[in-house]
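Here's a quick walk through the empty spaces in this protein. Have the model open and turn residue labels on as you read.

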Amino acid sequence: MEALSSPLYLTPRPRRSCPVKWCSSGSVLLFPPCLKTPAFLRKHNNMGIIKASVAVEQQTQKNITALIRIGTRGSPLALAQAYETRDKLMATHSELAEEGAIQIVIIKTTGDKILNQPLADIGGKGLFTKEIDEALINGEIDIAVHSMKDVPTYLPEKTILPCNLPREDVRDAFISLSAASLAELPAGSTVGTASLRRKSQLLNKYASLNVLENFRGNVQTRLRKLNEGVVQATLLALAGLKRLNMTEHVTSILSIDEMLPAVAQGAIGIACRSNDDTMATYIASLNHEETRLAVACERAFLLTLDGSCRTPIAGYAYKDDDGNCIFKGLVASPDGIRVLETSRKGLYAHEDMVMMGKDAGKELLSRAGPGFFGF
């Protein structure tokens, strides 16, 4: 027996007992179609964690051929997003509903491997996408499923991202065992977050609170630390808690005015190779255009600011009751002392919205002045 670590392949449907297969590289594990969807995804067990390492016997079996191999990180939330993509593909294309037609490939990224340092210190953006992008370019997977807020503003060469799934709730959730809201936390209470965006907005409004930085790990890990008393509260994206069916942990939901979300928060992106028309057609059929345009607006804002994990930046575009686009943007100093905000209103159309994002970014760059962003 020998232990294998990710990346590994998973397939969804239980049918019969069958063996597992080592790829020739020894780095990828195939779970044939007889294996079940992980229990935490099947039953929404709110603390279920899939193991990225399994023990198997080496066997020589015929390779399993799938029409689509979906690349993803191995966290419970990433897997929930990958299975959501799989289910939508199966529902939309009958040939993909066949047994073994879709496989899910778990790929461990740099951001998953290094948890004891702030993201900004180990490279910032791209830490949760780099290895998945490389697998896509090298033909080891056919499509890649990403949380859009993890995707750098520049896509790797030979890849495209033509699809965003319908966006989840963009707001942040406040979670605490001792207070009903941020305002009710006693002075000196510690809030855990790895996000400079959250830290700066938090300290701007509640300067008496402390922030434990580098409060990293998946949702389950952060909740465990909260339960152990490491912090008195934490802030998490409501979208992730909804996708994991874990909203029972939410103490209260922060309004957009209280905590402007990260660019593309709550949005899932699906990428493929730029020369793969078949995959492009498959994933384009899942695209939610309203979400795609909102994400394009927000990412244009981020690109103009040349945003990184060292700069607190927030941005949110949405459609109002009249069908127009409303965009709100924010930059801040990490200590929360300086917070600059702006907003735009215009047509809900791609060109107009990209220009709105860029224009808002240019305004805040000008107002911030030299040295504000550290470059």
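What follows covers one pocket and two cavities in a predicted model.

## The second largest pocket

Start with the second largest pocket, which holds about 370 Å³ of space. Its lining counts 14 residues, and those closest to the centre are Leu161, Val295, Ala296, Arg299 and His350.

Which elements supply at least two residues each to this lining? They are β9 (159-164), α9 (289-305) and α10 (350-368). The biggest contributor is α9, with six residues. Sorted by class, the pocket lining comes out at eight nonpolar, three polar and three charged residues.

## The largest cavity

Now for the closed-off spaces: there are four cavities of 30 Å³ or more. The largest cavity has about 80 Å³ of space. Around it you'll find Thr72, Arg73, Ala78, Gln81, Phe128, Thr129, Ile132, Val145, His146, Ser147 and Asp150.

Two or more of these lining residues come from α2 (76-92), and likewise from β8 (143-147). With three residues, β8 gives the most. The class split here is four nonpolar, five polar and two charged.

## The second largest cavity

The second largest cavity has about 60 Å³ of space. Its walls are made by Thr129, Asp133, His146, Val151, Pro152, Leu155, Pro156, Thr159, Leu161 and Ala271. By class, that's six nonpolar, three polar and one charged residue.

Some names turn up twice. Thr129 and His146 line the largest cavity and also the second largest cavity. Leu161 lines the second largest cavity and is among the residues closest to the centre of the second largest pocket.

Terms used: Residues numbered from 1 in each chain as written. Predicted model: local features only at pLDDT ≥ 70, side-chain atom pairs only at ≥ 80, totals over all residues. Heavy atoms only, no water. 1 Å grid on protein atoms, 1.4 Å probe; cavity = no way out; pocket = protein on both sides within 12 Å on 5 of 7 lines; lining within 4 Å. Points joined across faces, edges and corners; volume = space filled by probe spheres on them. Helix = DSSP H or I, 4+ residues; strand = E, 2+ residues; numbered from the N terminus. Nonpolar A, V, L, I, M, F, W, Y, C, P; charged D, E, K, R; others polar.
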